[in-house]
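The following exercises concern the structure shown below. Each task is followed by a solution in steps.

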Amino acid sequence: MTAVKSTAAPGTGLPGGPGGSGGGRPVFGSGRGGGSAAEFVQRHGALVVLVAVLAVAALTIDGFFSLGNLNHIAVGAAFPAIIALGMTFVIVTGGIDLSVGTVFALAGVLAAWASQYGSLAALALPLAVCALIGALNGVLIAKARLAPFIVTLATMLGAWGLMLAVSDEGTETYVVPDGLAITPMVQDRFLGIGYPVLLVVVLFAIGGVALRRTGWGQNIYAVGGNEDAAALMGVPVARTKITAYTLSGLLAGLAGALNAVWLGSGVTIFGIGIELDAISAVVIGGTLLAGGYGFVSGSLVGVLLLNVIQNIINGIGGLSSAYQQVVSGSFLIVVVLAQNYLSRRRERV
Amino acid sequence: MTATAEQGGSGAAGPVLRTRGLTKRFPGVLALDDVDFDLSHGEVHALVGENGAGKSTLIKVLTGVYAPDGGEVRYLGGAARFDTPLRAQQAGISTIYQEVNLIPLLSVARNLFLGREPRRFGLIDFARMHREAAGILRDYGVEVDVTRPLQGLSMGARQMVALARAVVADARVVIMDEPTSSLEPREVETLFTVIGGLRERGITVVYVSHRLDELYRICDRVTVLRDGRVVHTGELAGLERLRLISLMLGREAEQVERQGATTFGGPHERRAGEPVLVAEELDDRHRLHGVSLAIRPGEVLGLGGLLGSGRTETARAIAGAAALRSGRITVAGVPLRRRSTGAAIAAGISMLPEDRKSEGIIPELSVRENIALAAMPRLSRFGLVSERRIDRVVDVFVERLRIKSAGTRQKVAELSGGNQQKVLLARWLALNPRVLLLDEPTRGIDVGAKAEVQRLVDELATEGLGVLLISSDLEELIEGADRVVVLKDGSVVGELSGDEVSEGALMRAIADADTADADADRGGRGDAGGAAAEGAGGPGGPEEHEGGAGRAGPRAGAAAGDTTPGREGAR
Amino acid sequence: MTAIGMPAVRIDRTRVVPWLQEYGVYIGVAALLVFNIALTPHFLSLENFRTQAVQVTPVLILSLGMALVIATGGIDLSVGSVMALAAAMISLYLGYGPVVAVLVALVAGAAAGAVNGALVAFAGVQAIVATLAMMIGGRGLSLVLLPQLDGIRNPAIRELGAGDAFGVPYLVWISAVLVAVVVFVVRRTVFGRRIVAIGGNRRAGELSGLPVRRTLLAVYVLCGLFAAVAGVLATARLQASDPNSIGRLIELSAITAVVVGGTPLQGGRVRIAGTVAGAVLMQLLVSTLIKHDLPPSWTQIAQTAVIIAAVYVARERGRK
């Protein structure tokens, strides 16, 4: 890269060059410093809240910190987490994917139906179909330039229709046959940790590296940060978006298929509203809904936080699980308000 | 890279890019008409013309935004047809746009290297990327923490990052569209030095600007476009300034001379009586530190000062569009109690905002609706709109301001920049204001409309309106204003009136204030760039850099959605 | 729509697309009418028209409020949940009499709209996010308040849902009045002009002294109020409060009705007549598919296709 260095030295050696006078005093300084406290809250706020909630729960609820309960929370969070990972990519591009909930349900039904043909089919069919739906979202958004929320709202309806068509208008519940090769891979534990939890750890590690350290990840950030500028800077905008939506569909499909195997059947009503939980989790984790900023570890924390709260709500006798939705919605607003406040303050500094 | 340098060393040999018979048609317009345009290696080539002359269309055809309808482009000796801006860029033609096209949330280093990041084991090597970015940018006078988001940088610094990026990407031709419009003099000097460096190394620069001084300082050749045709191309040094203007305007040189560069009349007779507007001790904690001024009826008060000195902020504060910590505003003796745009308008203050597109016109609405917008409460009864009253008002102003449109129901987006500006003026005049605040009223509009707007300002003042004029066009400010209040760092540092109003006096006022408080300044306000402020400074004088934030603020706000809270939010 | 739209688009995009945006919805309605008159048995009966008119009511009323919100450049995803909230309120407060119950339901809707509006206008939250949160939380709240379906036996509410005046159902009267009100607001009032101006360029509106925040707040309150009206009417027709399923995915139909009707999603323009036609189009489409024995699954898939086609055609205006 020395070549680059030499190209970029137009000022040196010229009379009155920028480096020549004033003892290297820069003409252009950065306008402002600071903002690090705000950034800390943005990055780690969810983690702090999670730790606090865990601490309070451990002190007040008996048996909360039992291995069984923790594993229960972790496994319960595993499938939403897989969806949230895909959602993170989409939201960092500045988009949104509302279709993942019904895609998740569709994948479950497809997996259960296909499981009669073996493990491979039980995974391959739902993954293929869901990736296709994701790709369709991506093409409509990136190539036809339609608004993401309306496209994915429409495919949300379409995937639901498809699920109904597959399940005989929702009346048929396919059962995963006993002894399917993949079942132990989903239901068993390794060193006391459920396989789905391990899978989540692996997927998030890969996702994190892909987003932070690869060209594709840079493109995702660039597209979300300023699409027009990204296009001018050579970022393949359409391709980047399509991959993000395809991945989102694929991961939602994976979560749905594994969930069906986990449950042993393709339950048709599963997944309604799960897209909203995923979005909440991603935003709570510090990713900006406007795009251009975010990280997958935050989404994982966000999912965990929501699931811990759900666990607590379920643990308190007599509370309907509908409270979870109220908490989720309120959390979303509080976080977005905090983000708005922080970014405004940062701009004023 | 040495190859490029040698090519440059051999001087202006052969064209790097040439077009023959280039034609581009839009519905109803021939935007480019048989354009022959040559660029030599290592020259700085000025591209000038009025708005609508075809400059931006030509740039867009060269950089692959538009496909030409006819003619050919030859680049580095071969036929070239770029179907996307990206292709053009990869081939070595880069454009640095007025609105800098970078990604604010990404770090400076990532912006610089996006798409060509240094890798290690297939993954991006951040340590090396940051090191190299810092090294490269230092040569452009940009010394910042490259790991921080780009959005913390001033507009000028961002432009430098964009330029560095183009050079890193092996550009052969760099097109700069009004590069100095958001720069301070000191930054301009740095830019010129950098451009000089590019020329030395054989990189061709196409320099688009309305500022003739700059063209004569750094450009080798010039091409003048008018109505989509090339009306002149050749060495700039031998071309008289007046001749250049007449080529651009299509008017005779003597005519230009006789009329002067602006169309302002002489000084206005100052009306007796109380000032129509008094602003006292305006302070917003950041950019304004106790600005006071007064405007009498029939007076054009100029607001002088460098970029970021608080001119725009002063106007916005008076118009209720920006929050103030303290200060008093009195209109015709009555203090303004509530601070909002609505209250200011009710008191008779109208402000023409600086950014016509993002803060002025409502593009999808008709000329008529745009004019009636602010005056709607007066053109209605009990919340119901009176079409008859609207028509009456609109007709009056369309005629008076000579707004040219296909009818008042035409969408304002379809009008030329000059006519859009007139529509906005009509919107404000329809309110029957006592005070008119004009922030860069003629920026970016063609010369003809510019003259009309200047004449109108004159007329309005003669009719007794108090006018506050902000303009970075010195000539306009000097000739248009009866009195000039000079701002620096958000404080009034001088006032010129009568015969004192001259370019030289204005410069002196700014410079004197600077030396007076420079030392205190240095010590007091830590430069965020972390530089030790020593030495004589650059050729542009030791003006303190202000981060350009005053100017960058509204734009960045517009780009990132609505982030600048108005008064209503602060209540 | 697709069948008619696509071949035409190929002929001359620059002329056909704007024309289609303006009138496509009416052609769609006409085509569906012709198709049904020719092929659907008993379509041309008074009874059928009555059914169609009653069934379109909730979407129609929602889309009126939605049109105003979209005209400001916003969106309201929470209308379905607000319907559920209204339904829950009816059930909870019916003990105090039907008038009180309906009033409480409407106030709840307006309050939900006010929260949306406050978040959008004063806190500067994106409309999608604010209303998404309300979509999640509002539904949850309704379910917390009324965990399961509750039959309604109050005669006044039942009469509202099933009765008629001068041979026209109350539901249709109410939607007709609301349409008239919204048309009047958009055409003749300063408020209506402000809505469009804010959608066209919010900063310009602010600098021109328009009460931007207040206007936005009012628009979202109106949208919430309309959603509550739709919720009350749907509950009355159903003769049951069902916060779990009422209004699920209805925001999609409402948004589609608005967009098909010629109001662009980026705001700055509003077409009420088109919106009404859009709602009718969506209703006719679904009923046609159902009448021809398509299962719900295929009805939904067909709807998906129509929505995407409509948004695709409508999009061109925004790209300039």
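**Exercise 1.** State how many helices and strands chain B has, and what percentage of its residues is buried.

*Solution.* The model is predicted. Step one: the secondary structure of chain B comprises 21 helices and 24 strands. Step two: a residue is buried if 20 or more other C-beta atoms lie within 10 Å of its own. Step three: of the 571 residues in chain B, 53% are buried.

**Exercise 2.** Determine what share of the contacts in chain B with a separation of 6 or more joins residues 24 or more positions apart.

*Solution.* Step one: take the contacts in chain B with a separation of 6 or more. Step two: within this set, residues 24 or more positions apart account for 69%.

**Exercise 3.** Describe two spans of chain A that UniProt lists under "transmembrane region".

*Solution.* Step one: the unreviewed UniProt entry lists several such spans in chain A, among them residues 46-67 and 322-342. Step two: residues 46-67 of chain A are 73% helix and 0% strand, with 23 Å between the end C-alpha atoms. Step three: residues 322-342 of chain A are 100% helix and 0% strand, and their end C-alpha atoms lie 31 Å apart.

**Exercise 4.** Analyse the contact of chain C with chain B.

*Solution.* Step one: chain C contributes 22 residues and chain B contributes 28 residues. Step two: on the side of chain C that touches chain B, helix H9 (190-200) and helix H10 (202-207) of chain C each supply at least two residues. Step three: H9(C) gives the most to this side, namely six residues. Step four: by type, the residues on this side of chain C are eight nonpolar, seven polar and seven charged.

How values were computed: Residues are numbered from 1 along each chain as its sequence is written. Chains are lettered from A and ligands numbered from 1 in the order in which they are written. This is a predicted model: local features need pLDDT of at least 70, side-chain atom pairs count only at pLDDT 80 or more; totals for chains, interfaces and linings use all residues. Helices (H or I, at least four residues) and strands (E, at least two) are DSSP runs, numbered from the N terminus. A residue is buried if 20 or more other C-beta atoms lie within 10 Å of its own, exposed if 12 or fewer, and partly exposed in between; C-beta atoms are placed from the backbone. Two residues are in contact if their C-beta atoms, placed from the backbone, lie within 7 Å. UniProt positions are given in the numbering used here, feature names are shortened, and annotations may be inferred rather than shown by experiment. Ala, Val, Leu, Ile, Met, Phe, Trp, Tyr, Cys and Pro count as nonpolar, Asp, Glu, Lys and Arg as charged, and the others, Gly among them, as polar.
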